[in-house]
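Hi,

Here is the structure I promised to pass on to you. Have a look at it first, and then read on for my notes.

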Amino acid sequence: SEAVSGFSVDDIVVSGGAVSNLSAPTSLANGAVQYLATFTAPASELPSLSIEVPADSYSDVAGNNGLASNVIDLQVDSPPTVSIADDTAGVAREAVLFTLSFSEAVTGFDADDISVTGGVAGSLSQLSATLYTIDVTPDADSSSPISVSVAAAAFTDANGNANVAEVTVSQAVDTIAPDAPTINAVTSDDDISKLEKLAGIDLGGQAEAGATVKLTFAGESRLVSADASTGAWSYRLNDNDFALIGEGTASISAQAIDAVGNVSTTSTRSFVVDSQSPVFGAGTASNGLDLYSYVSTEAPAVVYQAEVEALSPVDYELIGNTSPYSIDATSGAVSLDPSVAGQLAGQPAGQIIGRDFYDLSSSYTITIRATDVYGNARDHDVTIDAAIPRIDALGNFVKNSGGFSASLVDGDAA
């Protein structure tokens with residue numbers, strides 16, 4: 001109310017916050033003296049806050065102590081805030097749920113106040129006065145993070161205070177699928193023989209470094225890891241695997257799964273398992289070769305036809321053969337060629353020739369080996385009659401252009 005002395009900023013008592021920057025006194029028209037000061041409210045909200053000047057903290061020019069001031073009672077209301085969190089740890093490849101938690105109930109907040117990059121926002125859901133959620137699906141084939149922001153002044157509290165600072169959170173993303181893994185040739189020709197199966201088959205190829213490779217064959221799957229540096233992967237087929245695969249044409253498929261679960265397209269390789277040796281059937285035996293009606297220039301006579309069951313074509317051969325027989329490597333037909341098998345030297349060609357010109361046993365046992373294209377082989381023994389008996393007295397019949405001439409040869413019945 002008048003000029004005073006001894007008054008300073010320390011004479012102003014507050015129950016929260018702080019007073020600073022006390023000005024010099026200013027005289028007013030009514031004779032009173034005015035001081036100005038800056039009051040800084042506390043950071044946290046307070047339901048009640050007082051400011052006052054106690055008695056005897058100053059005096060007038062006559063030395064009279066001053067009285068206590070009135071008490072200013074204030075309420076401290078901080079601006080509302082929001083925090084944002086999501087439900088995905090590490091790197092996301094699927095939809096992410098973001099939760100927005102407000103410090104108090106707010107007004108004027110909706111989906112338009114949320115800025116999203118790196119993904120597509122879904123619907124905003126309000127769970128309570130202070131809790132909202134929104135789901136964001138990351139962009140396809142992307143490694144750009146999802147960013148969710150709420151700008152300053154996007155919402156207000158009941159007292160009209162607006163949020164002060166922008167809040168932004170980021171979520172790492174990887175939705176890029178790895179390349180399909182390669183599958184090396186199962187064997188040099190993708191055909192597994194009996195010997196190769198016994199030696200062991202190692203599957204292999206290349207995939208994204210550190211990826212998990214899912215191998216699928218015969219309706220079952222196996223998981224192997226690609227090398228963290230080179231991406232090379234391998235898997236050895238075991239007896240159980242071969243039991244599932246069986247014999248014949250088969251295939252194996254492979255997919256790469258990266259560290260966050262992105263799955264590649266599928267690569268496939270076909271191969272053949274043929275570890276069974278050919279199986280001989282009964283075969284077809286011809287009647288014994290009638291040497292007495294056989295013309296030496298005729299084609300070799302088939303006396304036995306081998307029959308086999310195999311997954312692939314076979315080649316035939318005679319093993320340890322000392323007989324006058326030969327076998328067709330492709331058809332398995334066993335033949336006797338009397339013109340070369342045992343004919344005496346000097347016998348003219350183109351004649352009907354008798355048994356006495358041949359040195360033949362009554363029967364021969366031969367060993368036929370059938371080998372398929374995968375190297376699987378099986379041996380089969382066959383006994384073949386050499387010739388139908390005749391009477392040697394029939395002798396030689398020499399075929400001439402004008403007819404036949406004959407000379408009888410004494411002999412016993414054969």
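**The largest pocket**

This is a predicted model, and its largest pocket has a volume of about 720 Å³. The lining of this pocket is made up of 28 residues, and the closest to its centre are Phe7, Tyr35, Val53, Tyr58 and Ser69. If you would like to find the pocket by its secondary structure, the elements that give two or more residues to the lining are β5 (33–34), β6 (38–40), β7, β8 and β9 (72–76). As for the character of the lining, 16 of its residues are nonpolar, nine are polar and three are charged.

**How confident the predictor is**

Averaged over the chain, the pLDDT is 85, and 84% of the residues score at least 70. Two stretches deserve a word of their own. Residues 341–346 have a pLDDT below 50, and in the model this stretch has 13 contacts beyond near neighbours in sequence. The pLDDT is also below 50 over residues 350–358, a stretch with 38 contacts in the model beyond its near neighbours in sequence.

**Two positive phi angles**

Next come a couple of backbone details that you may like to look at on screen. Asp56 is not a glycine, yet its phi is positive, near 65°. You will find Asp56 in the loop between β7 (46–52) and β8 (59–60). The relative accessible area of Asp56 is 54%, so this residue is exposed.

Ala218 is another residue other than glycine with a positive phi, in this case near 50°. Ala218 sits in the loop that runs between β19 (212–217) and β20 (220–225). Is Ala218 buried, partly exposed or exposed? Ala218 counts as partly exposed because its relative accessibility is 43%.

**A buried aspartate**

The last item is Asp241, which belongs to helix α2 (residues 239–245). Its relative accessibility is 0%, and therefore Asp241 counts as buried. Which residues is Asp241 in contact with, leaving aside its neighbours within four places in sequence? They are Phe217, Arg222, Tyr235 and Arg236. Two of these names can be placed on strands already mentioned: Phe217 falls within the range of β19 (212–217), and Arg222 within that of β20 (220–225). The loop between these two strands is the one that holds Ala218.

That is the tour for now. Happy browsing!

Best wishes

Technical notes:
Residues are numbered from 1 along each chain as its sequence is written. This is a predicted model: local features need pLDDT of at least 70, side-chain atom pairs count only at pLDDT 80 or more; totals for chains, interfaces and linings use all residues. Side-chain values use heavy atoms; hydrogens and water are left out. Helices (H or I, at least four residues) and strands (E, at least two) are DSSP runs, numbered from the N terminus. Buried means under 20% relative accessible area, exposed over 50%, partly exposed in between (1.4 Å probe, protein chains only). Contact means heavy atoms within 4.5 Å. pLDDT is the predictor's confidence in each residue, from 0 to 100. On a 1 Å grid over the protein atoms alone, a cavity is a set of points where a 1.4 Å probe fits but cannot get out, and a pocket is an open set with protein on both sides within 12 Å along at least five of seven lines; lining residues have an atom within 4 Å of a point. Grid points are joined across faces, edges and corners, and a volume is the space filled by probe spheres set on the points. Ala, Val, Leu, Ile, Met, Phe, Trp, Tyr, Cys and Pro count as nonpolar, Asp, Glu, Lys and Arg as charged, and the others, Gly among them, as polar.
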